[in-house]
Amino acid sequence: MSINVSGVTKKFGDFVALDDISVDLPTGQLTALLGPSGGGKSTLLRIIAGLESADDGTVTIEGNEATHLPPQKRNVGFVFQHYAAFKHMSVAKNVAFGLEIRKRPKDEVKRRVDELLELVHLSQFAHRLPSQLSGGQRQRMALARALAVEPSVLLLDEPFGALDAKVRKELRDWLRRLHDEVHVTTVFVTHDQEEALEVADEIVVINDGRIEQIGSPDQLYDEPASDFVMSFLGPVTTLENKLIRPHDIEVSTHSRIAGAIGGTVSRVVRVGFEVRLTVSVDRPGHPEVAVTVTRAHSRNLRIEEGTKVWLTPTHGAPVVPAMESSLSETSAEIAV
Amino acid sequence: MATSYASDPAPVRWGLRIVTLGYVFLLVAWPTALVFKNALANGFGAMFETFSDPEIAHAISLTLTITVWAVAINLVFGLTISILLVRYDFPGKRALSAMLDVPLAVSPVVVGLALVLVYNGRDGWFGPSLEEAGFQIIFSTPGMIMATVFVALPLMIREVVPVLEEIGDDQEQAARSLGANAVQAFRRITLPGIKWAVVYGVVLSLARSLGEFGAVKIVSGNISGQSQTATLSVEETYQNFQQQASYSIAALLAFAAMACLVVVAILRPKEQQE
């Protein structure tokens, strides 16, 4: 196990940021810490890096007890959401910083910096200042800087959070490919479930200072351990007291299937290739159901506002019993 | 910014300019220019001759000594206090921050009196014991340095604190995670980041220290040729109707302070263009 966190607790005043967290992060993998803002995932990452100290519990990195080591002795690379570029240094100097601190010979530093700038496609910008780079380029520079010292662990705190959607997607693909090339154990924090599902080998879902579930993207999506994980990983709706994904509901305009629930389409919103329906179910007290169908399917069935429909869960679709408390919350989310 | 007001009618724009320029001219530029005019009324020769008078030469060199010490002390403590205020949380932080403005609010004469009360050799709190140990504070250079440090204390801190807050601690943390210890992170990352604030702080403290009058007058005893600084000798020569000497020293003090500001103004834009 590359990183072992055991019984870590952290409080800020009365606020419990982390409550007795234990997790093992295996060597060579790309792990995502996923959760809502304020859930404690960044705090956990900063405790692993030594930028924050735990009130209780231990951190082991590559078998070395690291709980009380200062950050500079942990051999971790850290990448910040807002880049933390050294503004008064050129791109090359930024990347060289860790090596110069370690007093490596000049020609070795130069060779390594050239290699890394090549790796992050910034060779032609070596002599620019960070202020002359775009956000995506700055973050790539920060990555090269963190990788320069050959860390045993690479930690990224919402690395793409400050970038616009298109650059974010590009960098996400790039990070995955980079990781396949470099194979350094990597942990990144994100609140974007799509980012986590797309990039990570393993996802740790953290909420309210506690771990909700650990698993591969498939496991999390197909076998969510709780209604929280289910609703955080994608849109959900409630059908007969069960949480289900809106695209896992089959819609028909005939009541042929036993157990189908009848209702009337009250709203139709088309977003690109999909059509989002809101269905008022013919049962007193049942909340409105959100259903997503493809454009073609909706056209075939001639669905429009006022159409009478029957709903059944798709066979084998993941469902989770709806908690009373989350009912109103999730249906409100879908309505938005 | 200026362009957004360009649509105002011409009389408003011109009116504002004339009022501002007239105000600054009457209050600052003209009176200062008159000091130089009077100092140079009998030519450069007469002005420099004044400075060769042993008592006046001593006053100028004493002012230099006090200024160098006061600026150096304020540099070290100003930086330390700024970092403490911005980067650390501790009980009483707000009280400390408020106290640092006291020297700006309180009259320097009061500062001088306060120092005399604490450090005088007869009945001060520390004075008698320090004097027994061989340190004379009041009526001597250390007291004058202390008075000047006190008065110029907030200048460095008020320049550095906002810049430290603005650059944040991300860069320092990045440096730490890359293997730098606290001292290396400060020297290589923090200090270059606040460089210009420090330079400005030094220049402002320098100008303030050169011109300090009230606190130093109380603390020094104002003995000509011994504990008289340049500002004090401006007053004495003026009261003794030595107009030439008085204007010459005043012009020198004004010139030194202005030269500092000009040097910084010239250096600063170059840095930003890089």
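Is Phe77(B) buried, exposed or partly exposed, and how many other C-beta atoms lie within 10 Å?

**Entry 1, a single residue.** I opened the notebook with this residue, keeping in mind that the model is predicted. I placed Phe77(B) in helix H3 of chain B, which covers residues 54-87. I counted 14 other C-beta atoms within 10 Å of Phe77(B), and because a residue is called buried at 20 or more and exposed at 12 or fewer, I entered Phe77(B) as partly exposed. I also looked up its separation from Ala98(B), and found the two to be 21 residues apart in sequence and 16 Å apart in space, taken from C-alpha to C-alpha.

**Entry 2, where the chains touch.** I then turned to the contact between the chains, to which chain A brings 19 residues and chain B brings 15 residues. On the side of chain B that touches chain A, I noted that the elements giving two or more residues are helix H9 (170-177) and helix H10 (182-211). H9(B) gives the most to that side, with 7 residues. Sorting the residues of that side of chain B by class, I obtained 6 nonpolar, 7 polar and 2 charged.

**Entry 3, the two helices against each other.** Since H9(B) and H10(B) had both come up, I looked at how they pack, and found an angle of about 160° with the axes 10 Å apart. Angles over 145 degrees count as roughly antiparallel, and I therefore recorded H9(B) and H10(B) as roughly antiparallel to each other. I noted the crossing of the two, H9(B) and H10(B), as right-handed. From H9(B), the residues Gln171(B), Glu172(B), Ala175(B) and Arg176(B) take part, and they meet Ala185(B), Arg188(B), Ile189(B), Thr190(B) and Gly193(B) of H10(B). By class, I found this contact of H9(B) with H10(B) to be made of 3 nonpolar, 3 polar and 3 charged residues.

**Entry 4, the nonpolar cores.** I asked next which residues of the largest nonpolar core touch the most other members. In this core of 100 residues they are Val95(A), Ala144(A) and Leu155(A). Helix H4 of chain A, residues 135-148, gives the most to this core, with 7 residues. I followed Leu155(A) further and, leaving aside its neighbours within four places in sequence, listed its contacts as Leu45(A), Ile48(A), Ala49(A), Val76(A), Gly77(A), Phe78(A) and Val187(A). Last, I entered a second, separate core of 55 residues, which includes Leu153(B), Val161(B), Ala215(B) and Leu252(B).

Technical notes:
Residues numbered from 1 in each chain as written. Chains lettered and ligands numbered in written order. Predicted model: local features only at pLDDT ≥ 70, side-chain atom pairs only at ≥ 80, totals over all residues. Contact = placed C-beta atoms within 7 Å. Helix = DSSP H or I, 4+ residues; strand = E, 2+ residues; numbered from the N terminus. Nonpolar A, V, L, I, M, F, W, Y, C, P; charged D, E, K, R; others polar. Axes fitted to C-alpha atoms, helices over the stretch in contact; angles between N-to-C directions. Parallel < 35°, antiparallel > 145°, perpendicular 65-115°, else oblique. Left-handed = near helix turned anticlockwise from the far one by under 90°. Core = buried A, V, L, I, M, F, W, Y, C linked by C-beta atoms within 7 Å.
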